[in-house]
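I opened the notebook to record what I looked up about burial, cores and helix packing. The entries follow the order in which I went through them.

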Amino acid sequence: MHTLQFALPVQYIRQITDQVRRMNVPLPASFVRNRWDALPAGEVQVLALDVFEQSVQDAIDATGEPAFGLLVGERMRINSHGMLGYATMNSATLSEAIALMEQYLLTRTRLVAVRHQAKGAQVQLMFDELIPLRKVRQSVLEAIVLTIKNLYDYITSGGASVACICFPFEAPCYADLARELFNCEVRYGQSWCGFAFPAEALTAPLAMADPTTLQQAIQACQREMHRMSADAGWTAKLTRVMLEKQGPFPSLNVAARLFNLTPRTLHRRLLEEGTSYREVLDQVRHMLALEHLKTGKLSIPEIAYQLGYTDTANFRRAFIRWQAVSPAAYQSAQTESANNS
């Protein structure tokens, strides 16, 4: 299967490179080959997923540090997140800051999306994987959650402590280090990824709020979204069309018409990006299936219908190929984990 491509701000790549250097080891050959040591500031880099994964794994191997993702997340500061960081910092309330993250996180990374939900007296800030991260999943999620948790602590001035961190994988050998860096309880083997905090923190005024600076930062985020939309590859454009569609997914022919292209041209452009219509459709179905099963609002036959499968058995076979378990088993595990968290 061809690899996915995605854009990543150079600032984040520099953080990875600088952390390797800080640990006094030579840069891996993959870093030099991909010119990660000489990328221009203020740019985004389009990466193939397998290249990104290999580079992160090379950094872990070169440093001998299994907690490498946490160390990268720890060094991130608010200016690492561009205008989105400044927008959250100048928000009037945490609720406003989270809404901005939910809307504009795509300007910083397409690896995950962020959303929040209330659960009793707490709010869960959740990170959903948009791209299957495979062998570096744990390191990447640790880096993302730690940097956003540090951002949360910064904008709330420590006034609303995070209750716990949750990760959907087993406890690593460096779990004690994780608890030290997060400075709160860290729970592993959970049904979701992110952290929980007091619901009352949502509406508390933030000390650094500045309406004028906030509007300027939001306008900059909007310009960045528009630029990314215009510059996005055909894989991203097709994915967006499929996610926006309320009803059956557009066929290759219909999708091509939406872009004012012939099916042959769209097919060729997707091939140039290392993918195909079928692969994009499969990835979108996978992502939506996970979301539907996590929320539990639809039955499995209803999910199969929503995703365009002719019968539940076809959906079940596809899901086992994606997750190595049946949809029912996956949903049961999610429910059990949620009840125990």
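**Ile300 and its surroundings**

I began with Ile300, which has a relative accessibility of 18% and therefore counts as buried, the cut-off for that class being under 20%. I keep in mind that this is a predicted model. I placed Ile300 in helix α14, which covers residues 300-306.

I then listed what Ile300 touches, leaving out residues up to four places away in sequence, and found Leu293, Thr312, Phe315, Pro327, Ala328 and Gln331. For Gln331, which lies 31 residues from Ile300 along the chain, I noted a C-alpha separation of 9.3 Å.

**The nonpolar cores**

Which residues touch the most other members of the largest nonpolar core? I found that this core has 73 residues and that Phe52, Phe127, Phe182, Phe195 and Phe197 are the ones with that role. Helix α7, residues 137-155, gives the most to this core, with 9 residues.

I followed Phe127 further and, setting aside its neighbours within four places in sequence, recorded contacts with Val112, Ala113, Val114, Ile144, Val145, Ile148, Cys193, Gly194 and Phe195. Ile300 belongs elsewhere, in a second, separate core of 28 residues that also includes Ala256, Leu266 and Leu307. As background I wrote down that in soluble globular proteins nonpolar side chains tend to be buried together.

**Helices α5 and α6**

I next looked at helix α5 (residues 82-89) and helix α6 (residues 94-104), whose axes come within 8 Å and cross at roughly 160°. The two helices are therefore roughly antiparallel to each other, since angles over 145 degrees are classed that way. I entered the crossing as right-handed.

On the α5 side I have Leu84, Ala87 and Thr88, which meet Ala97, Leu100, Met101 and Tyr104 in α6. The residues of this contact divide into 6 nonpolar, 1 polar and no charged.

**Helices α1 and α4**

How do the axes of α1 and α4 cross? I read that helix α1 (residues 10-22) and helix α4 (residues 68-75) have axes that come within 10 Å and cross at roughly 110°, and α1 and α4 are therefore roughly perpendicular to each other. This crossing, too, I entered as right-handed.

From α1 I listed Gln15, Ile16, Asp18, Gln19, Val20 and Arg22, which meet Phe68, Leu71, Val72 and Arg75 in α4. For the contact of α1 with α4 I noted a division into 5 nonpolar, 2 polar and 3 charged residues.

Notes:
Residues are numbered from 1 along each chain as its sequence is written. This is a predicted model: local features need pLDDT of at least 70, side-chain atom pairs count only at pLDDT 80 or more; totals for chains, interfaces and linings use all residues. Side-chain values use heavy atoms; hydrogens and water are left out. Axes are lines fitted to C-alpha atoms, for helices over the stretch in contact, and angles run from 0 to 180 degrees between N-to-C directions. Helices (H or I, at least four residues) and strands (E, at least two) are DSSP runs, numbered from the N terminus. Angles under 35 degrees count as roughly parallel, over 145 as roughly antiparallel, 65 to 115 as roughly perpendicular and the rest as oblique. A crossing is left-handed if the near helix is turned anticlockwise from the far one by less than a right angle, and right-handed if clockwise. Contact means heavy atoms within 4.5 Å. Ala, Val, Leu, Ile, Met, Phe, Trp, Tyr, Cys and Pro count as nonpolar, Asp, Glu, Lys and Arg as charged, and the others, Gly among them, as polar. A nonpolar core is a set of buried Ala, Val, Leu, Ile, Met, Phe, Trp, Tyr and Cys residues joined through side-chain atoms within 4.5 Å. Buried means under 20% relative accessible area, exposed over 50%, partly exposed in between (1.4 Å probe, protein chains only).
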